[in-house]
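Trainee: Got a minute to go through this one with me? I'd like to start with the strands.
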Amino acid sequence: MVFRITGIGAMSAMALPLALPPVRMLLQEERGVSFQVGPAFYRRQSSLARDLGILVAAVHRQQTGNLRVVDVMSGCGVRAVRYLLQARADFVWANDACNQLTELLALNLSQGQSLNSGAEEEKFEHWRITREDAHKVLLDCALRKEYYDLIDVDSFGSDTLCVGPAIGAVKYGGLVYLTSTDGFCAGGRRRHNALSSYGAFVNPMPFANEIGLRMLIGCAVREAATRNMSVIPVFSNYSYHGPVFRTMLRVESRRKLVNKDYGFIVYCKQCGQSQDIQFEGLGDIACCCKHPKEKGSLVVTGPLWIGPLHDRKQVEGMTEVARDWGWITRSTSESPVDMHILEELLEVMVNESEPGLPSGYIKMDEIGKRGKVRVPRRKDFIDRLQQEGYVASRSHVERRAVKTNCPMDKCIELVRSMEIITASRSILDSPQHADPGSRTNGVMVG
Ligand SMILES: C[S@@+](CC[C@H](N)C(=O)[O-])C[C@H]1O[C@@H](n2cnc3c(N)ncnc32)[C@H](O)[C@@H]1O
Ligand SMILES: [Zn+2]
């Protein structure tokens, strides 16, 4: 039985408790959309991740003409409202198992009503609220063969129970937005948790936060494969608060698991070099460095996603939409800080999509420590790597790091050569080497 609030919204019977508790109101705003937070779990810092989700949703709607969304762990419904109002979703289903949020969700989603006020439009349901277990919502959709364009699963910890059902309830070509907040798994400190939740054995590696993204994507790759489907990241995003690992995946129909992008990362503790290894290469693991080989010096993590973290074309599409909407240019209604952060993040994502970049990153400090050299500015080092013919980029995960296919030993060599050039430049610029004419004038610049 479904209760209609208006011609364009609905709540399931289960979502209507007899006496709703009063909602403690707390008004928030994200990019011009206001909503109440009430007793829901809400993090202001996650608004950037919501921006990314809304931008992809808008690009999807532009490309396909459709946008039907299920937000199975809605909280206060901020995402649902933003999918509705900003990405112009045709339909949004907001679900949360918590019985204190139903009234709040209805209040927030009812903002969507003013959008579609035409008589013809009123025949259609534009939003729905339920209070079910997320797992059940998704399985029911798949059983009814009711497939959606975007499924948003904003779960806590290393709960991956909904990953498979979300893939099973999305259209071919549709999107699944996943979250993990288990930094311990990513850091190799809860190995059996990582194995049971993500199907990956994780050893501690210096780029743990990128591992966090890759094990989440890897989990989805496996779940998709069991359903004769495949997934590919549209974007991946690590946030230090939490920490939170998020990925937006495009789901396609495909029979075989392509294992080029699903494999292992090997890390050599002796030289600091990492390499991506496919299943076929497992028997031949070795590091080509000159350092003495010791037992336990090579560690392996996987299987996980070892392909690109983002789809460059899609991120460029998101950037275009963000620019059209004034989200990444200065305007009086928005905080310039928010704009700058989003713009930089999208730029780095495009850089990180460069073909040929392996998994992981090298921290500038590690180059300095291992080579006992003074490290240059990250930007200068990236320029130098590119001049030498290597692929190199910033990392959105770690500011003081580079992503490159240049081996660690060679990185140290290059930094050393840059140190020599900088040192000889500063000798030439020193007062002893200054123009003799300036000395006669008695001007010595220190
Ligand atoms: C991280 S919060 C959601 C935050 C929200 N998406 C946002 O962006 O602000 C997770 C929500 O999932 C709900 N939840 C947890 N387990 C659930 C389950 N099995 N089924 C449905 N909802 C669940 C919680 O009540 C909580 O509101
Ligand atoms: Zn090595």
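Mentor: Sure, a definition comes first: two strands pair if DSSP finds at least two bridges between them. Strands (E, at least two residues) and helices (H or I, at least four) are DSSP runs, numbered from the N terminus. Keep in mind that this is a predicted model, where local features need pLDDT of at least 70 and side-chain atom pairs count only at pLDDT 80 or more, while totals for chains, interfaces and linings use all residues. Residues are numbered from 1 along each chain as its sequence is written, and chains are lettered from A and ligands numbered from 1 in the order in which they are written.

Trainee: OK, in what order do the 3 strands of the open sheet come?
Mentor: The order is S15-S17-S16, with antiparallel pairing. Strand S15 (362-363) and strand S16 (392-394) are the edge strands, each pairing on one side only.

Trainee: How many bridges join S15 to S17?
Mentor: There are 2 bridges between S15 and strand S17 (residues 401-404). Lysine 363 has alanine 401 in S17 as its bridge partner.

Trainee: And which helix packs on that sheet?
Mentor: Helix H12 (residues 378-387) does, touching S16 and S17. Contact here means C-beta atoms, placed from the backbone, within 7 Å. The direction of H12 makes about 160 degrees with that of S16. For such angles, axes are lines fitted to C-alpha atoms, for helices over the stretch in contact, and values run from 0 to 180 degrees between N-to-C directions.

Trainee: New topic: where are the cis peptide bonds at proline 243 and proline 303?
Mentor: One joins glycine 242 and proline 243, with omega about -5 degrees. Proline 243 lies in the loop between strand S10 (229-239) and strand S11 (244-253). Another joins glycine 302 and proline 303, with omega about 0 degrees, and proline 303 lies in strand S14 (residues 298-305).

Trainee: Why point those out?
Mentor: Most peptide bonds are trans, and most residues other than glycine have a negative phi. Arginine 31 has a positive phi, near 45 degrees, and lysine 145 has one near 55 degrees.

Trainee: Is arginine 31 buried or exposed?
Mentor: Arginine 31 is buried, because 20 other C-beta atoms lie within 10 Å. The cut-offs are 20 or more for buried, 12 or fewer for exposed, and partly exposed in between, with C-beta atoms placed from the backbone.

Trainee: And lysine 145, buried or exposed?
Mentor: Lysine 145 has 7 C-beta neighbours inside 10 Å, so it counts as exposed.

Notes:
Contact = placed C-beta atoms within 7 Å.
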